[in-house]
Amino acid sequence: MSIKQCSSLEEVREEIDKLDDQIVELIAKRNRYIHQAASFKESVEEVKAPERVDAVIQKVRSKALSLNLSPNLISKLYKIMINEMVESEIAEFRNGGKF
């Protein structure tokens, strides 16, 4: 993975801002897929899917290690993201039965 060599703090911040936009867009896209998956589930337990959550956390930790990034940081970020998305799905499931 290569990154642009910046020549000023302003340029570094511009590149970070671009990445932040992409990260938010990717999280939104992930969330839309989560809601698609939820339409195939029949219960709150299926929405929670603890085995799948564990598998995702292990996968992203491994990816972080391969990129010389803290696996603990990635785990924390993913746990927050997944927990929020699951809570949203559960609320929808309880309110309408289907997503």
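Helices are DSSP runs of H or I with at least four residues, strands are runs of E with at least two, and both are numbered from the N terminus. The model is predicted, so that local features need pLDDT of at least 70 and side-chain atom pairs count only at pLDDT 80 or more, whereas totals for chains, interfaces and linings use all residues. Residues are numbered from 1 along each chain as its sequence is written, and side-chain values use heavy atoms, with hydrogens and water left out.

**Exercise 1.** Determine which residues of α3 are buried and where they sit around the axis.

*Solution.* Take buried as under 20% relative accessible area, exposed as over 50% and partly exposed as in between, with a 1.4 Å probe and protein chains only. By this cut-off V56, I57, V60 and A64 are buried in α3. These residues lie on the same side of α3 because they cover an arc of only 100 degrees around the axis, taken from the directions from the helix axis to the C-beta atoms. The face turned away from this buried side carries the exposed residues E51, Q58, K59, L65 and S66.

**Exercise 2.** Describe the residues with positive phi in the loops before and after α3.

*Solution.* In the loop between α2 (44-48) and α3, A49 has a positive phi of about 40 degrees although it is not a glycine, and A49 is buried at a relative accessible area of 17%. Just after α3, N68 takes a positive phi of about 60 degrees; N68 is not a glycine either, and with a relative accessible area of 75% it is exposed.
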